Every structure is written in structure tokens, then in C-alpha cells.
Amino acid sequence: MTAAAQGASAENPFPVRAVAVRVKNWIDRLGTVWVEGQLTEIKLRPNTRTAFMVLRDPAADMSLTVTCSPTLLANAPVTLTEGTRVVVCGKPNFYTGRGTFSLRLTEIRAVGVGELLARIDRLRRLLDAEGLFDPRLKRPIPFLPNMIGLITGRASMAERDVTVVASERWPAARFAIRNTAVQGPTAVAQVVAALRELDADPEVDVIVIARGGGSVEDLLPFSDETLCRAIAAATTPVVSAIGHEPDAPLCDLVADLRAATPTDAAKQIVPDIAAEQALLDGLRGRSARALRNWVTRERRALQHLRSRPVLADPLAALTTRAEEIARARAAVRRDITRAVAGETDRIGHLSARLSTLGPAATLARGYAVVQVMPTDGTDARPAVVHRVSDAPAGARLRIRVADGAVAAISEGSTDGD
């Protein structure tokens with residue numbers, strides 16, 4: 001059985017020096033590289049042959065230790081200070097004695113304002129092409145936010161402007177303040193972390209990112225791609241209040257609302273209680289006037305209706321009709337009385353004629369009605385004698401005169417009148 005390769009098992013480990021040498025050999029193969037970043041922690045001690053600095057990534061919390069000669073630092077094209085963005089050329093080194101990595105610089109170039117603006121313009125076109133500036137994606141700012149998230153520098157004028165002006169306009173305004181770096185290599189990471197924290201808070205209805213202006217270099221974090229994409233991804237409306245009117249970082253274009261200044265942001269995120277009270281008073285006055293005008297108009301309409309004859313004297317039509325009905329009833333009564341009187345007269349005449357022409361009157365003048373009584377015992381009506389033959393001898397007769405009737409027996413016909 002062959003022995004395991006050195007470093008492949010606990011029984012045959014590498015010594016520290018061997019690992020350090022191997023790592024150094026691997027890193028030496030990289031050669032020289034060009035790196036862009038922001039300088040921080042510049043340390044130059046007198047009478048030393050090496051200057052130490054930290055080169056930080058502006059978009060992430062990562063950094064490299066870099067070294068260079070004091071001469072290179074003194075001959076840099078611009079004065080190197082904390083936050084200066086540079087492009088450096090150096091060779092990666094691994095110091096086996098301490099087990100540390102650093103970048104030994106051979107050249108330092110400053111990133112000029114023109115180049116920075118060109119890069120910002122290229123990023124602007126890229127984000128615009130992706131639709132991050134589309135107005136249709138802008139979220140509306142709530143009329144009266146429950147809580148205002150504020151991302152700004154600690155004890156900055158921007159923080160004072162937003163909080164004081166907002167509180168003056170609406171005294172009940174509440175703030176969730178996150179103080180972060182607003183320039184320099186750590187600004188992007190801190191602002192993005194604060195933005196995500198406030199965006200996750202359900203009580204925060206709007207987030208304000210505020211800074212009181214500055215140079216192009218100072219405002220670079222607010223044109224960073226990472227921050228712009230974080231603003232676009234937020235679900236809470238974001239207000240960008242970076243600098244003053246001439247300043248236009250990319251986060252202004254991505255944010256849901258751009259404020260010219262932090263003071264302007266405070267005016268746009270909360271209503272003015274005095275103006276709202278005046279508006280309510282005005283609306284209340286307008287509604288009262290409208291209601292009074294409506295009541296007056298309706299009262300006039302009612303008065304106009306009441307002035308009409310039909311409503312001024314509602315019974316007039318009935319009274320007029322009642323008189324007509326009374327006249328008609330009187331006329332009907334007269335006509336009926338006249339008709340009844342006429343019919344009464346006619347009936348009287350007919351009765352008189354009937355009395356004159358009737359059998360009773362004839363009997364009263366001495367005439368008699370002779371009837372033959374039935375002899376068969378039936379209830380047949382007596383027959384009136386019209387001829388002599390109707391009353392043969394022996395027939396029972398009933399003779400009716402004016403004052404009654406007498407019974408007789410026929411002896412037969414006789415000659416003569």
C-alpha cells in the first residue's frame with residue numbers, strides 16, 4: 001500500500017511554510033492587474049519606504065490592502081484623500097511571513113469628473129433601456145403616511161430639514177430614521193441595507209433618501225447601479241431628495257418621486273395642516289352656501305307652486321263644480337217634477353176616460369151585465385150573455401148591476417123588444 005500524498009491526510013500534512021509558499025506561487029502567476037476602487041485609510045509614516053492604503057469596492061462591502069512607495073503617492077495626478085476614486089495598476093503579493101495578501105501598486109490614475117459623468121451616462125442609458133425610469137412603474141405617494149422612513153447622514157442638515165418641516169406641516173408625523181454614510185466607499189452598502197430594512201417594515205409607508213448636495217464625486221454613491229436597482233425593487237414608495245436643484249444623480253430617475261431638496265421632500269410627503277384646515281373650512285363654507293341656496297331655491301319653487309290658483313284655493317274647483325252640480329240637480333228635479341206632473345195629468349185623463357168608458361159607469365147609468373153560471377159544478381168562469389141563445393130556458397143567470405149582483409133563472413127567449 002502506497003503512502004498518501006503529502007497534504008492529503010492527517011498522517012502526512014503540509015507544514016505551514018509549504019502551504020504559504022504554494023499560495024504565493026499561485027498568486028504570483030496573476031501578474032499585474034488594473035483595479036478600480038475608492039481609497040480609504042491612507043497611512044504614510046515618515047521615514048518609511050512603504051505607504052499603506054485600503055482600496056474599497058464602492059458597490060460592495062469588500063476591500064483590498066494596497067501598498068506603494070511614498071514617491072508614487074506623492075506624485076499621484078490628484079491629491080489622494082479618503083474616498084478618492086482611482087484606477088491602479090499593481091501586482092498581487094502574498095507575504096509568507098505573515099500570511100497576508102496585498103496589492104503592490106506601480107501606477108495610480110485618478111478617475112476624472114468627465115470619465116465619471118460618462119460612466120454615469122452609460123449606466124443611465126442601460127437602466128433606461130431596462131425600463132427602470134418608466135413613469136408607469138412609479139408608485140403613488142400616500143396622502144398621509146403612517147410612518148416616514150428617512151435615510152440620511154447622522155445629525156445632518158438634510159435630516160433636520162425633513163423632520164422639522166414635516167413636523168411643522170403635520171405635527172403628528174412619525175419617522176423611522178436610519179443614519180448612514182452618504183458619501184465615501186461605505187455609503188452604497190449602508191444606504192442599501194437601510195433601504196431594505198425600512199422596506200420590510202410594514203408600518204413605513206414612504207421612504208425618503210436625503211442628502212444636502214455636494215460635488216460630483218460626493219454624490220457618486222447615489223448614481224451607483226446597486227442602489228438604483230435596490231430602489232427599483234423596493235415595494236414601498238421611495239422619494240429621492242439628493243442635493244439641490246442642479247444635482248441629478250441616477251437615483252432621482254429611479255425613485256417614485258424626485259424632490260429638489262430635502263425641504264421640498266418634506267413638503268411633498270405630508271400635507272400642510274393649515275392648508276388642509278383652510279381647505280376644509282372653504283369646503284364647509286361652500287357646502288353650507290350650496291345647501292342654503294338649495295333651500296332658498298326649493299322654498300321659492302314651493303311658493304311659486306302655492307301661488308297657483310289650484311293650490312292657493314284647493315277647494316275652489318270643488319266649489320265651482322258643487323254649484324254646477326247643484327244647478328244640475330235642481331234642473332233634474334224640475335224636469336222630473338215636470339215629467340211626473342205631466343204623467344200624473346195624463347194618468348188622470350186616462351183614468352177619467354176609463355171611468356167614463358168602463359163597465360162600472362155603464363152599470364151606473366142603468367145597464368146590467370148578464371152572465372151564465374156554469375151548471376157542471378166546475379170552477380169555470382161565468383160566461384157573458386151576448387145572444388139569446390146563450391141563455392136557454394132554465395139556465396142560471398147572474399145579473400150584475402151598479403150596486404151588486406142578483407141571481408135569476410132564464411125562462412127562455414121572448415118575442416118583441
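Two strands pair if DSSP finds at least two bridges between them. Helices (H or I, at least four residues) and strands (E, at least two) are DSSP runs, numbered from the N terminus. The model here is predicted: local features need pLDDT of at least 70, side-chain atom pairs count only at pLDDT 80 or more, and totals for chains, interfaces and linings use all residues. Residues are numbered from 1 along each chain as its sequence is written, and side-chain values use heavy atoms, with hydrogens and water left out.

**Exercise 1. Trace the barrel.**

Task: find the order of the strands in the closed barrel of 5 strands, then follow the pairings of strand 4 and strand 5.

Solution:
- Step 1. Going round the closed barrel, the order is 1-2-3-5-4, and the pairing is mixed. From one strand to the next, the twist averages 55° (angles run from 0 to 180 degrees between N-to-C directions, and axes are lines fitted to C-alpha atoms, for helices over the stretch in contact).
- Step 2. Start with strand 1 (residues 33-43), which pairs with strand 4 in the antiparallel sense over 6 bridges. Look for Glu36: its bridge partner in strand 4 is Val87.
- Step 3. Now move from strand 4 (residues 85-95) to strand 5: the two run antiparallel and are joined by 10 bridges. Asn93 is the residue that stands opposite Ser102 in strand 5.
- Step 4. Check the turn. The hairpin of strand 4 and strand 5 has 4 residues between the strands, and Gly99 there takes a positive phi near 65°.
- Step 5. Strand 5 (residues 100-110) also runs parallel to strand 3 (residues 63-68), with 2 bridges joining them. Thr67 has Arg104 as its bridge partner in strand 5.
- Step 6. Finally, spot helix 1 (residues 16-28), which lies across strand 4 and strand 5 and runs at about 145° to strand 4.

**Exercise 2. Look inside strand 6.**

Task: how many residues of strand 6 are buried, and which strands pair with strand 6?

Solution:
- Step 1. Count along residues 148-152: 5 of the 5 are buried, so strand 6 is largely enclosed by the rest of the structure. Buried means under 20% relative accessible area, exposed over 50%, and partly exposed in between (1.4 Å probe, protein chains only).
- Step 2. Sort the residues by face. Ile148, Leu150 and Thr152 lie on one side, Gly149 and Ile151 on the other, and both faces are covered.
- Step 3. Strand 7 (residues 175-179) pairs with strand 6 in the parallel sense over 5 bridges. Ile148 finds its bridge partner there in Phe175.
- Step 4. Strand 8 (residues 206-211) is also a parallel partner of strand 6, over 4 bridges. Here Ile151 stands opposite Ile209.
- Step 5. Put helix 4 (residues 157-169) in place: together with strand 6 and strand 7 it makes a right-handed β-α-β unit. Right-handed means that, with the strands pointing away from the viewer, the path from the first strand over the helix to the second runs clockwise.
- Step 6. Pick out Asp161 in helix 4. Asp161 has a relative accessible area of 19% and is buried. Apart from neighbours within four places in sequence, Asp161 is in contact (heavy atoms within 4.5 Å) with Ala166, Pro262, Thr263 and Ala266.

**Exercise 3. Describe a helix pair.**

Task: at what angle do helix 5 and helix 6 pack, and which residues meet?

Solution:
- Step 1. Two packed helices are described by the angle between their axes and the distance between the axes.
- Step 2. For helix 5 (residues 187-200) and helix 6 (residues 225-233), the angle is about 10° and the axes are 9 Å apart.
- Step 3. The two are therefore roughly parallel to each other. Angles under 35 degrees count as roughly parallel, over 145 as roughly antiparallel, 65 to 115 as roughly perpendicular and the rest as oblique.
- Step 4. Val188, Val191, Val192 and Leu195 of helix 5 meet Thr226, Leu227, Ala230 and Ile231 of helix 6.

**Exercise 4. Hunt for disulfides.**

Task: how many disulfides does the structure hold?

Solution:
- Step 1. The count is 0 disulfides, a disulfide being a pair of cysteine sulfur atoms within 2.5 Å.
- Step 2. Try Cys68: the nearest cysteine sulfur is that of Cys89, 13 Å away.
- Step 3. Check burial too. Cys68 counts as buried at 0% relative accessibility, and Cys89 counts as buried at 9%.
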